[in-house]
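Please look over the sequence and the structure shown here before reading on. The report that comes after them is meant for someone who has not met this structure before.

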Amino acid sequence: MRYAVVEEQGRGTYWHDPRPYVAKLPEILPALPPGAGAFASHPEHYDFSARRCVKDLKPQGLPSAADAMDRYELRFTRPGCGDDVLVIRYTGVGSVRITSDDGGAVDLSDYNTVRLDEVLPHGTGCSHELRLTTATVRIECEDLTASWSPTSS
C-alpha cells in the first residue's frame, strides 16, 4: 500500500495506521470514480470502533483472478457474525492479483482478516488493495460499489 501502514510487530501483532491515507484522501477523492470515492470516504471506513470499519473483516472466499472477466465480487463477514456484512462489486475489472506472503495458497481461516485497505485512482478508474494478515488482494477496475448488510447498520 502506498499510504496506509500495516507493519507486523511480532508474530500475530500488527501496527495499523490509516492516518497517512486518510490525510491524503481529500486530494485523491476527486480522481476516484463515484462508488470507490463513496466507499473510501465513508466516515466509519477507518474508525476501528465503528461497525462499518473494514479492519478485521474476514473474506468469505477469494474467487480466482482468472474468473474476473470484467466483474469481480468479494464478500466479507465480521468474525463472530455469520451473516454477510460487506459485499464489494467491481466493474470494468482490468486485473486481479491475489498473493500470499509465503507464495503458497491463501488460507481463509479466521486468522486471515483484513488489516487495512486503500483505494487509489488508477488508469480509467481505481485500484483497491486489501492487506490481509498473510496475503494481499489488489483489484484494478473502472469502479466498485460497496454495500453493507442490514445487520451492520
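What follows describes the aromatic pairs, a charge placed over a ring, and the surroundings of one glutamate in this predicted model.

Aromatic pairs come first, and the count comes to two. Their geometry is set out in the table.

| Pair | Arrangement | Centre to centre | Angle between planes |
|---|---|---|---|
| Tyr21 and Tyr46 | edge-to-face | 5.6 Å | 70° |
| Tyr72 and Tyr90 | tilted | 6.2 Å | 50° |

The pair of Tyr21 and Tyr46 links distant parts of the chain, since Tyr21 belongs to helix H1 (residues 19-28) while Tyr46 lies in the loop between helix H2 (34-40) and strand S3 (58-59), 25 residues apart. Both Tyr21 and Tyr46 are buried.

The pair of Tyr72 and Tyr90 also links distant parts of the chain, with Tyr72 in strand S4 (residues 70-77) and Tyr90 in strand S5 (residues 86-93), 18 residues apart. Tyr72 counts as buried because its relative accessibility is 5%, and Tyr90 is likewise buried, with a relative accessible area of 1%.

A ring is also involved in another kind of arrangement, in which the charged end of Lys55 sits over the ring of Phe48, 5.4 Å from the centre of that ring.

Glu129 is found in strand S8 (residues 125-132). Is this residue, Glu129, buried or exposed? At 15% relative accessibility, Glu129 falls under the 20% limit and therefore counts as buried. Its side chain reaches the backbone nitrogen of Met1 at 3.3 Å, and, leaving aside residues up to four places away in sequence, Glu129 touches Met1, Leu116, Asp117, Glu118, Thr136, Val137 and Arg138.

Note on methods: Residues numbered from 1 in each chain as written. Predicted model: local features only at pLDDT ≥ 70, side-chain atom pairs only at ≥ 80, totals over all residues. Heavy atoms only, no water. Phe/Tyr/Trp six-rings, centres within 6.5 Å; stacked < 30°, edge-to-face > 60°. Helix = DSSP H or I, 4+ residues; strand = E, 2+ residues; numbered from the N terminus. Buried < 20%, exposed > 50% of the residue type's maximum accessible area, 1.4 Å probe, protein only. Lys NZ or Arg CZ within 6 Å of the ring centre and 35° of its normal. Polar contact = N/O pair within 3.5 Å; in protein donor to acceptor, adjacent residues only side chain to side chain. Contact = heavy atoms within 4.5 Å.
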